[in-house]
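Student: Hey, can you walk me through this protein? I'm new to reading structures, so keep it simple.
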Amino acid sequence: MALRRVLCVLRAGTPRLAPLSTAPAAREQPAEGPGAVPGPREAEAVRPPMPTVDFGNAQEAYRSRRSWELARSLLVLRLCASPALLARHEQLLHIARKLLGQRLFNVLMKMTFYGQFVAGEDQESIRPLIQHNRAFGVGSILDYGVEEDLSSEEAELKEMESCTSAAERDGSGMSKREKQYQAHRAFGDRRDGVISARTYFYANEAKCDSHMEIFLRCIEASGGASNDGFSAIKLTALGRPQFLLQFSDVLTKWRQFFHQMAAEQGQAGLAAKDTKLEVAALQESVTKMGIASRAEIEDWFTTETLGVSGTVDLLDWSSLINSKTKLSKHLVVPNAQTGQLEPLLSRFTEEEELQMRRMLQRMDILVKKAMEVGVRLMVDAEQTYFQPAISRLTLEMQRKFNVEKPLVFNTYQCYLKDAYDNVTLDVELARREGWCFGAKLVRGAYMAQERARAAEIGYEDPINPTYEATNTMYHRCLNYVLEELKHNAKAKVMVASHNEDTVRFALSRMEDLGLHPADRQVYFGQLLGMCDQISFPLGQAGFPVYKYVPYGPVMEVLPYLSRRAQENSGIMKGAQQERQLLWQELQRRLRTGSLFHRPA
């Protein structure tokens with residue numbers, strides 16, 4: 001079965017493909033042996049108190065910046081706040097390039113938007129900024145910000161071709177996937193409604209190899225700049241998205257089947273990690289459905305696979321879909337509409353299976369390179385119709401590589417209704433299996449697109465209903481992870497947020513739980529060119545804080561710059577406060593004769 005082979009590839013390791021400190025100073029916790037979970041921290045009483053952080057002190061927030069940089073930030077953020085300019089920014093950029101010529105246009109961009117949000121054109125040109133920020137306590141997460149410049153029609157064509165199977169395209173087979181996990185032409189251009197994330201479209205395997213080589217160079221650059229850096233990757237850059245859609249459909253149906261059985265046992269509505277099925281009743285239900293014989297079912301639920309509790313929780317249930325059991329051939333579930341048993345995973349052609357295996361090989365190569373040069377790898381979250389597969393593949397890499405410390409970090413989007421279930425289940429799995437949990441918590445970058453797609457196609461909106469509900473979800477997930485960090489010094493989390501209230505919440509809970517910044521368990525992250533009034537006070541107070549640092553040639557990062565401009569318009573409250581602090585510091589320097597301030 002294809003799914004079984006997927007997980008075999010992940011667990012067994014993979015060969016290299018055939019041809020086709022970015023951080024502030026760090027101190028890792030001492031290891032206590034493989035798989036050990038450290039107890040309470042020693043010598044806690046002699047540590048210094050939790051540093052105080054003042055996000056309203058403009059002088060301290062911007063002491064790393066020259067006055068002309070403050071003026072540029074003020075100008076760019078003010079322009080980003082103009083709806084009239086934003087609505088016409090692409091036309092204005094086109095006119096400017098025609099009038100000025102390419103050379104002068106590049107100079108203009110480097111003096112304004114490019115200089116504000118992008119570190120430089122290549123690995124050498126970004127070094128001064130990385131080293132400068134590091135001197136002021138702020139590390140870097142390197143991110144090659146180049147996107148292919150496609151028209152909407154070209155993007156749509158590529159997406160439809162790469163998200164449908166050969167059988168679906170030639171009409172010899174009908175898709176058994178849920179509507180959410182099928183390609184839809186109206187949403188073929190995945191850039192629509194996305195304000196902050198790079199988007200990749202599948203062209204061919206050679207292009208995926210090219211993306212992998214770019215990620216490898218990014219990882220090497222991060223490792224060369226510091227001994228505690230991060231690098232970010234996207235799985236849609238590494239292979240055909242059809243596989244992610246199909247695998248996501250499998251995982252979602254399997255989880256839905258578990259909750260269907262839970263409802264039959266009177267456990268509807270419980271949190272995912274608290275739901276437990278009685279094995280005897282489950283065996284009876286599965287036998288009646290005709291999925292397998294009683295002897296086969298009894299072989300699934302053994303003391304070796306599930307322990308002696310007599311119950312099955314969602315983690316036990318999910319573990320049945322792997323290479324250790326014989327369940328793969330029984331991957332069928334009842335269709336809620338027809339009542340008929342249907343296979344979870346369609347058959348792959350030989351070419352499709354090869355493409356799938358190469359995607360997994362590329363992942364493996366990237367993580368091994370990160371381990372070799374001492375860089376942590378952050379796997380970015382993407383659309384909900386890809387995300388179950390992305391999270392599961394990331395989890396498999398965490399099982400394999402997060403043995404002594406978190407090397408691979410998964411990303412959790414807190415605007416999703418099921419964010420808390422996803423976080424708590426993965427924390428519990430790491431506890432049970434003895435590997436090190438690593439997470440990045442974000443709000444999410446695809447809200448408008450996700451809402452529109454759910455409404456148009458006809459499935460439940462996966463997004464929390466309000467901004468306040470997402471804040472509540474973020475704080476709930478963060479609090480759960482921080483509680484875990486209190487008892488497990490090897491687990492780590494990055495609080496990636498531009499929301500000052502969220503950062504303050506994290507600092508308050510850290511103090512309550514005795515999590516000191518010297519432990520380097522809680523990181524903070526913001527985008528380059530935004531929210532310096534949060535990043536630099538944190539860094540100067542001793543908290544591990546990082547900027548997402550994109551780089552790439554001017555013309556090739558214009559799509560990224562467009563998203564940065566739009567994102568600033570979407571967070572007006574925070575941007576307004578930032579502009580006020582920038583203006584306040586410029587006025588202070590004018591009054592005190594320090595307009596030519598040189599950071600030191």
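Tutor: Sure, let's start with a term: helices here are DSSP runs of H or I with at least four residues, numbered from the N terminus. By that naming, His259 is found in helix H11, residues 241–264. Keep in mind that this is a predicted model.

Student: Okay. Is His259 buried or exposed, or something in between?
Tutor: His259 counts as partly exposed, because its relative accessibility is 31%. His259 also sits 8.4 Å from Thr275, C-alpha to C-alpha, while the two are 16 residues apart in sequence.

Student: Let me zoom out. How many helices and strands does the protein chain have?
Tutor: There are 24 helices and twelve strands in the protein chain.

Student: And what percentage of the residues is buried?
Tutor: Buried residues account for 56% of the 600 residues. As for the outside, the chain exposes about 25300 Å², with 54% of that supplied by carbon and sulfur atoms.

Student: What do the strands in the barrel look like, and in which order do they come?
Tutor: Eight strands close into the barrel, in the order E1-E2-E7-E8-E9-E10-E11-E12, and their pairing is parallel. On average, neighbouring strands of this sheet are turned by 30° against each other, ignoring direction.

Student: What holds strands together in a sheet anyway?
Tutor: Strands of a sheet pair through backbone hydrogen bonds, and the pairing can be parallel or antiparallel.

Student: Pick one strand for me. Why is E9 described as largely enclosed?
Tutor: E9 covers residues 438–442, and five of its five residues are buried, so the rest of the structure largely encloses E9.

Student: Which way do the E9 residues point?
Tutor: Gly438, Lys440 and Val442 point one way, Ala439 and Leu441 point the other way, and all are buried. That fits a general pattern: in a regular strand, side chains alternate between the two faces of the sheet.

Student: Which strands does E9 pair with?
Tutor: One partner is E8, residues 408–413, which pairs with E9 in the parallel sense over four bridges. Another is E10, residues 492–496, joined to E9 by four bridges and also running parallel.

Student: So where does Ala439 fit in?
Tutor: Ala439 in E9 is the bridge partner of Asn410. Ala439 also stands opposite Val493 in E10.

Student: What comes after E10 in that row?
Tutor: E10 is joined to E11, residues 522–527, by four bridges, and those two run parallel. One pair to look for there is Ala496, standing opposite Gly525 in E11.

Student: Back to E8 and E9 for a sec. Which helix makes a β-α-β unit with them?
Tutor: That's helix H18, residues 419–433, and the unit it makes with E8 and E9 is right-handed.

Student: New topic: how many salt bridges are there?
Tutor: The count comes to 33 salt bridges. Take Asp209 and Arg362, whose closest N and O atoms are 2.9 Å apart. Asp209 lies in helix H10 (residues 205–225) and Arg362 in helix H16 (residues 350–373), so the pair ties together parts that are 153 residues apart in sequence.

Student: Are Asp209 and Arg362 buried or exposed?
Tutor: Asp209 is buried, and Arg362 is too.

Student: What about a salt bridge inside one helix?
Tutor: Try Asp364 and Lys368, with 2.9 Å between their closest N and O atoms. Both lie in helix H16, four residues apart, which is about one turn of the helix. Asp364 counts as buried because its relative accessibility is 1%, whereas Lys368 is partly exposed at 33%.

Student: Got another one like that?
Tutor: Yep: Arg588 and Glu585 meet in a salt bridge at 2.9 Å, N to O. They lie three residues apart in helix H24, residues 572–592, and both are buried.

Student: Which residues are linked in a network of salt bridges?
Tutor: Asp313, Asp316, Glu428, Arg431, Arg432 and Glu484 are linked that way.

Student: Last one: what makes up the nonpolar patch on the surface?
Tutor: The patch is about 820 Å² and is made by Leu85, Leu92, Ile95, Leu99, Leu100, Leu104, Val107, Leu108 and Met111. Its largest share, eight residues, comes from helix H5, residues 89–111. Leu99 lies in H5 and counts as exposed because its relative accessibility is 70%, and the cut-off for exposed is over 50%.

Notes:
Residues are numbered from 1 along each chain as its sequence is written. This is a predicted model: local features need pLDDT of at least 70, side-chain atom pairs count only at pLDDT 80 or more; totals for chains, interfaces and linings use all residues. Side-chain values use heavy atoms; hydrogens and water are left out. Patches are made of residues with over 30% relative accessible area and no salt bridge: like charges are joined within 9 Å, nonpolar side chains (Val, Leu, Ile, Met, Phe, Trp, Tyr) within 5 Å. Accessible areas come from the Shrake-Rupley method with a 1.4 Å probe; for residues, only the protein chains shown count as cover. A salt bridge is a side-chain nitrogen of Lys or Arg within 4 Å of a carboxyl oxygen of Asp or Glu. Buried means under 20% relative accessible area, exposed over 50%, partly exposed in between (1.4 Å probe, protein chains only). Two strands pair if DSSP finds at least two bridges between them. A crossover is right-handed if, with the strands pointing away from the viewer, the path from the first strand over the helix to the second runs clockwise. Axes are lines fitted to C-alpha atoms, for helices over the stretch in contact, and angles run from 0 to 180 degrees between N-to-C directions.
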